[in-house]
Amino acid sequence: MAKAKEGTASGVSDHLADFVGTEINCPVCLEVFDDPKCLPNCAHNVCVTCLGNLARRTRRKSTVECPECRTKSTVPLSGVTGFPTNHLLKRLVENSPEHRGRRAFDKALECYREQREKIKEEFQTLTTFRRILFEESKKEMKDQIKLEAKRVRKLIDKEERKLLSQADEIYNEKSDQSQFGKKLEEVRQLNAKVLTSLEGADKVKEERDWKKFQKSREIFEKQFQDSLKTLEASIENLSSMQWTATAKFNAGKLDKSSKILGLISCDPCKKAATGPAIALGDDEVIRVIDTDFVPTALSVSPHTGEIAVLDAENNCVHIFTATGDHQKQFEIKYGDLKEITYSKNDDIVVLNQEKNRLLHFDKDGAFIHKFVQSPNRSVRFQKVTTGGDGCYVLTTLTDDGPGVVVYDSERCHKLAFTSTHFQGNTLAAVHLKDKYYVTDCSSTIKIFDKKGKFLQETKNLGDSSKSPSKLYSVAVDDAHDCLVCVSKQNNQNTILAVKTDGSIVSKTPIGGSLNSIAMSKGFDSLVATFHEKKCIQILPHKV
């Protein structure tokens, strides 16, 4: 019934609009009447605005001429607004479809403007909050940089004072123990002796007795001339000696690319990562750490969780916190560097392949006089890891093929072994619970006992339906008693969590070409580097 009435009303309205036609339009402006005024002498209608314009153009301001029939009507004392309003026509206008549509649109516009103002306020609040947050974050970072700069300046000032004090000591004549210094002291003593002799001449002059005077004179002159000759000879000898000090200042190496105060790294949510894309299924990359160098290798401290990253191209080691913030760096002045690990005592151990030895450094880069050298010249170190008991497990290469050499935590040679089961020359080896696990770029892991005796080979860890896979990096997950390997098959990298019996616990596809991996201190994440990529990534690890 309601719909029928609505339809009937709509039909009547449309019919009325057709019937009225142009009767609702002002004869002057031809627009729909706004406020129609009825001229009393002819009953024609004109909108109040147009009527006012007509009255102003009339010479006699007291009358106005109808624009339709030219009949004159007297203007009321209150002006054209005093003419009677045609309320019937006004209601027709107000109820016309056009007028209703315009009124509805005006209300809609008003609503839209209110919504727009609300959104504008929300946006302004958001941008203000973001600006305040950014300003606070920027201030906090700048304060950290200033604090670090102050600390570095303090260290430099301290070192400067120390070196200047050393220079004073070296060039202090009183502390000069060189041959020149000793001769210089002899000349001083001879010069004092000559001066003393001259002072004795006054006593000779005072002698009244002629004979005694002559004798005293002869003695004085002989002694003085002897002393003078000795002094002249000493000065001549001193002149021929080296006058410059043997000490010299060797400036520390600090090139323009060195980051003295540190680096600013950005989380993925704050900056688009430049590293390789990672395909981790439902998991996400924990953090991408952009660097200005290509990481060669890395290791994680089992004590602090800090990450040591080797930059072999610039002979530099960078230290990051467990969460990936850059802390410090130090330069290694010599050698062809290849691998890095942490010792049982938390020393940073770097493999110098040129010298074929392991070098130890503390966290500040101070060299520690500890060495691990190869058993003989034919054994060349390739990779190094540290076992849970602190032993150093090194893969090697000789003219006879690849092998493994083990040193205990005190750097004493423990054992060496090789095997006919090795299928390639590039090995990676780790130690876990009195056993050694070795990958050789094949699809299996070779297992050896604590004496280096071959025990078994795991099953094929790749997809047998595809081309053979290659295992080329391995780490130990002590918390879950398993190994973490990097497998490459058909140019697809996968991180495998493998039990010690060879059963696969989990597989995680990875985009990009992985170079090296290391377990975090809590064994809940992995730290990884990629070939020719200037970044480090912290990845989730779930078993």
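Trainee: Which residues does L51 touch, leaving aside those up to four places away in sequence?
Mentor: L51 touches K37, L39, V46, V64, V80 and F83. Keep in mind that this is a predicted model.

Trainee: Where does L51 stand in the largest nonpolar core?
Mentor: The general idea comes before the case. In soluble globular proteins, nonpolar side chains tend to be buried together. Here the largest nonpolar core has 19 residues, and L51 is one of the four that touch the most other members, along with L39, V64 and F83.

Trainee: Which elements supply at least two residues each of this core?
Mentor: Strand 2 (45-47), helix 2 (48-57) and helix 3 (87-94) each do so. Helix 2 gives the largest share, with five residues.

Trainee: How many helices and strands does the chain have?
Mentor: There are six helices and 28 strands.

Trainee: How many disulfides are there?
Mentor: The approach is to look at the distance between cysteine sulfur atoms, and the cut-off is 2.5 Å. By that rule the chain has zero disulfides. Take C42: its nearest cysteine sulfur belongs to C66 and is 3.6 Å away, so the pair falls outside the 2.5 Å cut-off. Seen from the other side, C66 has the sulfur of C42 as its nearest, at 3.6 Å, and is likewise in no disulfide.

Trainee: Is C42 buried or exposed?
Mentor: C42 is buried, because its relative accessible area is 18% and the limit for buried is under 20%. C66 is buried too, with a relative accessible area of 0%.

Trainee: What share of the chain counts as buried?
Mentor: Of its 543 residues, 36% count as buried. The accessible surface of the chain is about 34100 Å², and carbon and sulfur atoms account for 51% of that area.

Trainee: Which residues form the nonpolar patch on the surface?
Mentor: M141, I145, I260, L261 and I264 form it, and together they have about 430 Å² of accessible area.

Trainee: Why does I264 count as exposed?
Mentor: The test is a relative accessible area over 50%. I264 counts as exposed because its relative accessibility is 53%. As for its place in the chain, I264 lies in the loop between helix 6 (210-239) and strand 5 (287-290).

Trainee: One last feature: what share of contacts joins residues at least 24 apart in sequence?
Mentor: The share is taken among contacts in the chain between residues at least 6 apart in sequence, and it comes to 45%.

Technical notes. Residues are numbered from 1 along each chain as its sequence is written. This is a predicted model: local features need pLDDT of at least 70, side-chain atom pairs count only at pLDDT 80 or more; totals for chains, interfaces and linings use all residues. Side-chain values use heavy atoms; hydrogens and water are left out. A nonpolar core is a set of buried Ala, Val, Leu, Ile, Met, Phe, Trp, Tyr and Cys residues joined through side-chain atoms within 4.5 Å. Buried means under 20% relative accessible area, exposed over 50%, partly exposed in between (1.4 Å probe, protein chains only). Helices (H or I, at least four residues) and strands (E, at least two) are DSSP runs, numbered from the N terminus. Contact means heavy atoms within 4.5 Å. Patches are made of residues with over 30% relative accessible area and no salt bridge: like charges are joined within 9 Å, nonpolar side chains (Val, Leu, Ile, Met, Phe, Trp, Tyr) within 5 Å. Accessible areas come from the Shrake-Rupley method with a 1.4 Å probe; for residues, only the protein chains shown count as cover. A salt bridge is a side-chain nitrogen of Lys or Arg within 4 Å of a carboxyl oxygen of Asp or Glu.
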